[in-house]
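User: Could you walk me through a few local features of this model?
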Amino acid sequence: MDTSMNQRSFIEKLFHLQENGTTVRREVLAGLTTFVSMAYILFVNPQVLGDAGMNKGAVFTATALSAILGSVLMALLANYPIAIAPGLGDNAFFTYSVVLAMGIPWQTAMAGVFISSILFLILSLVKLREIVIDAIPHDLKLAMAAGIGIFIAFVGFQGGGLITGSKSTLVAMGSLTVPTTWLTIFGLVVTAGLMAKKVPGSIFIGMVLTTILGLVTKLIPLPSHIVSSIPSLKPTFGVGVAHLGDISQPQLWSVVLIFLLVAFFDTAGTLIGLAAQAGFMKDNKMPRIGGALMADSISMLGGAVMGTTPTAAYVESSAGIAIGGRTGLTSMVVGILFALAMFFSPLLTVVTSNVTAPVLIIVGILMAQSMKEIDWSKFEIAMPAFLTIVGMPLTYNISYGIAFGFLAYPLTMLAAGRRKEINPIMYILFVVFIILLYTINILPK
């Protein structure tokens, strides 16, 4: 009895449950709900980074460990019910824009992630991160989120066989005579139905049901076992650090810059949105944001060393917040559940691209919702926002979309006579993106 009381007292002192109007039971339930809602990343991240040539087992372990690190740090440093794990937009940029489109080996690209994570941590420590974030127009931040969402959905349509390449029209509808394409369609319909019904963990449940259908129809081979020892990190651990010497070409520094920028805006926007949902905002500011940003920065650095792309605060945390999660105990529970999930790596073989494709499409839809808040009535805003959004999927490159928007914005604002509204930092970023496009496209590789 005394032990139980002491444990409750310790948890109360650590997370201030009474002060936040919550209980241990409610926080644990919120943590479980958040975990189920975001557990798909354990299988989607190895699938996406596997396309870059990385070892899927090692990426699975790195994904879980970075999620544990980020979520636990969020609990201890900021006491927020917000979970952290590798972001979907970042891994898509890493694989499809950097490794496949630019032809950069994944080992070298991971060195770029490592450097950007160090810069990210430094910027967080000196609080420059907030200054730059504040300088970016709100509409461009929304456009970046929407563009990445559409790009992710495009990757999902392609990976699931719903669209295919075409010499005459660039893209065309995939063949419905391919059985696995129907697996993607089933997953998309089921997950969409669950989302519409607001079922907690809809994405994860949709993945499970799609996988079961694939196993029953033998479109997916049965795994030899379900539980196993944790996959070794050796194939990816420290690879980015070992290849730091490869970061000598200007193109690679442009990659570092994009990782830095995407990481900048990803977590900041999500944190603000979740804090507003939970009622944490005070005078339009988020208390303890410094601790939250540090949790994100440290987990990003840890993930880069272990072998995964940048981490981010997860919007799926809103599921846990919706059922009452209000403290770091929620994110602590998420971290514990990720630790337990590390023993189920054999399931990676049954989570095929047709299973993950609906996830990418659904997450893309959720991210694209930010378009509704863009001020489309003013052309000087609409053009850079539009170029940012369509530039990503049409060039198959997230960095190009961001560059198009950031280059167009100062020009259209000056033409509209709104010079005083342009933050001086935007002029600096204008020059930065001209250099970026030059290094990617003109300088010899």
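User: Which residue follows H4, and is its phi positive or negative?
Analyst: Quick caveat: the model is predicted, so local features need pLDDT of at least 70 and side-chain atom pairs 80 or more, while totals for chains, interfaces and linings use all residues. Residues are numbered from 1 along each chain as its sequence is written, and side-chain values use heavy atoms, without hydrogens and water. Helices here are DSSP runs of H or I with at least four residues, strands are E runs of at least two, and both are numbered from the N terminus. After H4 comes Asn-79, with a phi near 55°, so the sign is positive.

User: How far apart are the end C-alpha atoms of H4?
Analyst: H4 covers residues 56-78, 23 in number. The expected span is 1.5 Å times one less than the number of residues, which comes to 33 Å for H4. The model agrees, with the ends 32 Å apart.

User: How many of the 23 residues of H4 are buried?
Analyst: Buried means under 20% relative accessible area (1.4 Å probe, protein chains only). H4 is largely enclosed by the rest of the structure, because the buried count is 17.

User: In E3, which residue is the bridge partner of Ile-163?
Analyst: Strands E2 (residues 163-166) and E3 (residues 170-173) pair in the antiparallel sense over four bridges; pairing needs at least two DSSP bridges. A hairpin of three residues joins E2 to E3. The partner of Ile-163 is Met-173.

Key:
Buried < 20%, exposed > 50% of the residue type's maximum accessible area, 1.4 Å probe, protein only.
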